[in-house]
Amino acid sequence: MRAVALRQREPALSRPYRALGYPFTTTIVLAGSVVFLAVAVLEDPRSALIAAGFIAGCVPAYAWLARSRRLRIAINAA
């Protein structure tokens, strides 16, 4: 949804590519992904919980890596 919001907030911003059928194709793919996720969770809730736990465990690692990258960029720019 970020791309849809960005195109609405910044319509004059240059786009590196064009999306065929935008915004309808983007919305259809997003809806299909949500349905697929819901069915996967309903069919195998144990695996869904394990996957959710894994993702939740990766969030702090990602935040730490992103912060260290921002600090390196700030130090190099100074």
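Phe54, Ile55 and Val59 join up into a nonpolar surface patch of about 330 Å². This is a predicted model, and valine 59 in it belongs to helix 3, which covers residues 45-77. Valine 59 also marks a kink in that helix, so here's a quick tour starting from there.

**Around valine 59**
- Helix 3 bends by about 25 degrees at valine 59.
- Proline 60 follows shortly after the kink.
- Valine 59 is also one of the patch residues, alongside Phe54 and Ile55.
- As a rule, residues three or four places apart on an α-helix point the same way, because there are 3.6 residues a turn.

**How far helix 3 reaches**
- With 33 residues at 1.5 Å each, helix 3 should span 48 Å.
- The C-alpha atoms at its ends sit 47 Å apart, which agrees with that expectation.

**Overall fold**
- You'll find three helices and zero strands in the chain, giving an α-α-α pattern along the sequence.
- The chain is more spread out than a compact globule, because its radius of gyration is 18 Å, well over the 12 Å that the globule rule gives for 78 residues.
- Along the principal axes, the C-alpha atoms fill a box of roughly 50 × 35 × 15 Å.

**Burial and surface**
- What share of the 78 residues is buried? Buried residues come to 4%.
- About 7300 Å² of the chain is exposed, and 70% of that comes from carbon and sulfur atoms.

Technical notes: Residues are numbered from 1 along each chain as its sequence is written. This is a predicted model: local features need pLDDT of at least 70, side-chain atom pairs count only at pLDDT 80 or more; totals for chains, interfaces and linings use all residues. Side-chain values use heavy atoms; hydrogens and water are left out. Patches are made of residues with over 30% relative accessible area and no salt bridge: like charges are joined within 9 Å, nonpolar side chains (Val, Leu, Ile, Met, Phe, Trp, Tyr) within 5 Å. Accessible areas come from the Shrake-Rupley method with a 1.4 Å probe; for residues, only the protein chains shown count as cover. A salt bridge is a side-chain nitrogen of Lys or Arg within 4 Å of a carboxyl oxygen of Asp or Glu. Helices (H or I, at least four residues) and strands (E, at least two) are DSSP runs, numbered from the N terminus. The radius of gyration is taken over C-alpha atoms; the globule rule is 2.2 Å times the number of residues to the power 0.38. Buried means under 20% relative accessible area, exposed over 50%, partly exposed in between (1.4 Å probe, protein chains only). The expected span of a helix is 1.5 Å times one less than its number of residues. The bend at a residue is the angle between axes fitted to the seven residues ending there and the seven starting there.
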